[in-house]
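Work through the exercises below in order. Each task is followed by a solution in steps.

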Amino acid sequence: MHILFLILKYSLAPRATLIAENLALRQQVEVLKRHAPRLKLRRRDRIFWVLLQRFWKGWRSSLILVNP
């Protein structure tokens, strides 16, 4: 059932939304790949999220690293 929901969601979502979500998830994977003892966001990571939230309304739905 969950798979059907995802297929429906992504088939109806605009292309720009999918691209933005993909970028957000990839950026988080890159942060997780860093070999630091403690997860730390760099300045460029913060700038990425500031820009993304200005252009994409659904940015919080793909935010996994930090849950407010």
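**Exercise 1. Find what share of the contacts between residues at least 6 apart in sequence join residues at least 24 apart.**

Step 1. Contact means heavy atoms within 4.5 Å. Step 2. Take the contacts in the protein chain between residues at least 6 apart; 49% of them join residues at least 24 apart.

This is a predicted model, where local features need pLDDT of at least 70, side-chain atom pairs count only at pLDDT 80 or more, and totals for chains, interfaces and linings use all residues. Residues are numbered from 1 along each chain as its sequence is written, and side-chain values use heavy atoms, with hydrogens and water left out.

**Exercise 2. State the order of the elements in the protein chain.**

Step 1. Helices (H or I, at least four residues) and strands (E, at least two) are DSSP runs, numbered from the N terminus. Step 2. The chain has 3 helices and 0 strands. Step 3. Read from the N terminus, the order is α-α-α.

**Exercise 3. Check the span of α2, then locate its buried side.**

Step 1. The expected span is 1.5 Å times one less than the number of residues. Step 2. Helix α2 (residues 15–33) has 19 residues, so it should span 27 Å; its end C-alpha atoms are 27 Å apart, which agrees. Step 3. Buried means under 20% relative accessible area, exposed over 50%, and partly exposed in between (1.4 Å probe, protein chains only). Step 4. A20, E21, A24, Q27, Q28 and V31 of α2 are buried. They cover an arc of only 125 degrees around the axis, so they sit on the same side of α2. The arc is that of the directions from the helix axis to the C-beta atoms. Step 5. An α-helix has 3.6 residues a turn, so residues three or four places apart point the same way. Step 6. On the face turned away from the buried side, α2 carries the exposed residues R15 and R26.

**Exercise 4. Decide whether S62 is buried or exposed, and list what it touches.**

Step 1. S62 lies in the segment after α3. Step 2. Its relative accessibility is 2%, so S62 counts as buried. Step 3. Leave out residues up to four places away in sequence: S62 touches E21, A24, L25, Q28, W49 and W56.

**Exercise 5. Do the same for L41.**

Step 1. L41 is in the loop between α2 and α3. Step 2. With 24% relative accessibility, L41 counts as partly exposed. Step 3. Beyond its neighbours within four places in sequence, L41 contacts V31 and R46. Step 4. L41 and L65 are 24 residues apart along the chain, and their C-alpha atoms are separated by 9.9 Å.
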